[in-house]
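Here is a friendly walk through the structure, meant to be read with the model open beside you. Let us begin with a single residue and work outwards from there.

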Amino acid sequence: MMVLGGMQALLGVALVTNSVAVATSIWGDGDASTPCCTTPGGDHAGMVVFVGLLVLGVSAWGVTTALKFPTRQRILRVSALAYGWTALPFSWAFFQVIPLLGFAWLVPAILAIVRPNQPESRAWFNHRPL
């Protein structure tokens, strides 16, 4: 979860700091009919910043959950499972853009889902069946 959270933090910072460049690469430079001093990249930069802040928030969720594991609270196991399921769809989206990033994202996302559900993890959190 720390690796996945770190990757998300790097991506979030890159989106926030390079929002106009990312928006221009997605929406293009525009055409001659656009008014002076406005570009589609500049118009959509706020959306890229919003997505970057959202990714940073999810990253903080994952890192905080991983750092609190030694407290052995039961809700942390549920938080880890939810975090893994939240991170999994991002791997498909990143695979569409950069296949290597999609695979690098997929492995920790699957581990974040599988590891908290294993018997030794349940024993760590003193899980009792309902």
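Ser 59 is a good place to start: its relative accessibility is 4%, under the 20% limit, so Ser 59 counts as buried. Please keep in mind throughout that this is a predicted model. Ser 59 belongs to helix H3. Leaving out residues up to four places away in sequence, Ser 59 touches Gly 5, Gln 8 and Ala 9.

## The overall layout

Stepping back from that residue, the chain has 6 helices and 0 strands. Along the sequence this reads as α-α-α-α-α-α. The chain is 130 residues long, and 30% of them count as buried. Its exposed surface comes to about 8000 Å², with 73% of that supplied by carbon and sulfur atoms. Among contacts with a separation of 6 or more, 66% join residues that are 24 or more positions apart.

## The nonpolar core

Which residues touch the most other members of the largest nonpolar core? They are Leu 4, Leu 11, Ala 87, Trp 105 and Ala 109, out of 13 residues in that core. Helix H1 (2–17), helix H3 (40–67), H4 and helix H5 (99–114) are the elements that give two or more residues to this core. H1 makes the largest contribution, with 4 residues.

Leu 4 shows how parts of the chain come together here. Beyond its neighbours within four places in sequence, Leu 4 is in contact with Tyr 83, Ala 87, Trp 105, Pro 108 and Ala 109.

## A nonpolar patch on the surface

There are nonpolar side chains to look at on the outside too. Ile 26, Trp 27, Met 47, Phe 50, Val 51 and Leu 54 make a nonpolar surface patch of about 600 Å². Helix H2 (19–27) and H3 each supply at least two residues of the patch, and the largest share, 4 residues, comes from H3. Trp 27, one of the patch residues, sits in helix H2.

## Three tryptophans side by side

The table sets Trp 27 beside two other tryptophans.

| Residue | Helix | Relative accessibility | Class |
|---|---|---|---|
| Trp 27 | H2 | 35% | partly exposed |
| Trp 85 | H4 (residues 74–97) | 53% | exposed |
| Trp 124 | H6 (residues 119–124) | 37% | partly exposed |

Is Trp 85 buried or exposed? Trp 85 counts as exposed because its relative accessibility is 53%, and the class begins over 50%. In space, the C-alpha atoms of Trp 85 and Ile 110 are 8.2 Å apart, while 25 residues separate the two in sequence.

## Trp 124 and the loop residue Arg 72

Trp 124 leads us to another part of the chain. Not counting residues up to four places away in sequence, Trp 124 touches Phe 69, Pro 70 and Arg 72. Trp 124 and Arg 72 are 52 residues apart in sequence, yet their C-alpha atoms are 6.8 Å apart.

Arg 72 lies in the loop between H3 and H4. Its relative accessible area is 35%, so Arg 72 is partly exposed. The backbone deserves a look as well: most residues other than glycine have a negative phi. Arg 72 is not a glycine, but its phi is positive, at about 60°.

## The salt bridge

How many salt bridges does a search of the whole structure find? The search finds 1 salt bridge. The side chains of Glu 120 and Arg 115 form a salt bridge, with an N to O distance of 3.5 Å. Glu 120 counts as partly exposed at 46% relative accessibility, and Arg 115 also counts as partly exposed, at 45%.

## What the UniProt record says

The unreviewed UniProt entry lists residues 47–69 and 90–114 under "transmembrane region". In the model, residues 47–69 are 91% helix and 0% strand, and the end C-alpha atoms of this span lie 34 Å apart. Residues 90–114 are 96% helix and 0% strand, and here the end C-alpha atoms are 17 Å apart.

Conventions: Residues are numbered from 1 along each chain as its sequence is written. This is a predicted model: local features need pLDDT of at least 70, side-chain atom pairs count only at pLDDT 80 or more; totals for chains, interfaces and linings use all residues. Side-chain values use heavy atoms; hydrogens and water are left out. Buried means under 20% relative accessible area, exposed over 50%, partly exposed in between (1.4 Å probe, protein chains only). A nonpolar core is a set of buried Ala, Val, Leu, Ile, Met, Phe, Trp, Tyr and Cys residues joined through side-chain atoms within 4.5 Å. Contact means heavy atoms within 4.5 Å. Patches are made of residues with over 30% relative accessible area and no salt bridge: like charges are joined within 9 Å, nonpolar side chains (Val, Leu, Ile, Met, Phe, Trp, Tyr) within 5 Å. Accessible areas come from the Shrake-Rupley method with a 1.4 Å probe; for residues, only the protein chains shown count as cover. A salt bridge is a side-chain nitrogen of Lys or Arg within 4 Å of a carboxyl oxygen of Asp or Glu. UniProt positions are given in the numbering used here, feature names are shortened, and annotations may be inferred rather than shown by experiment.
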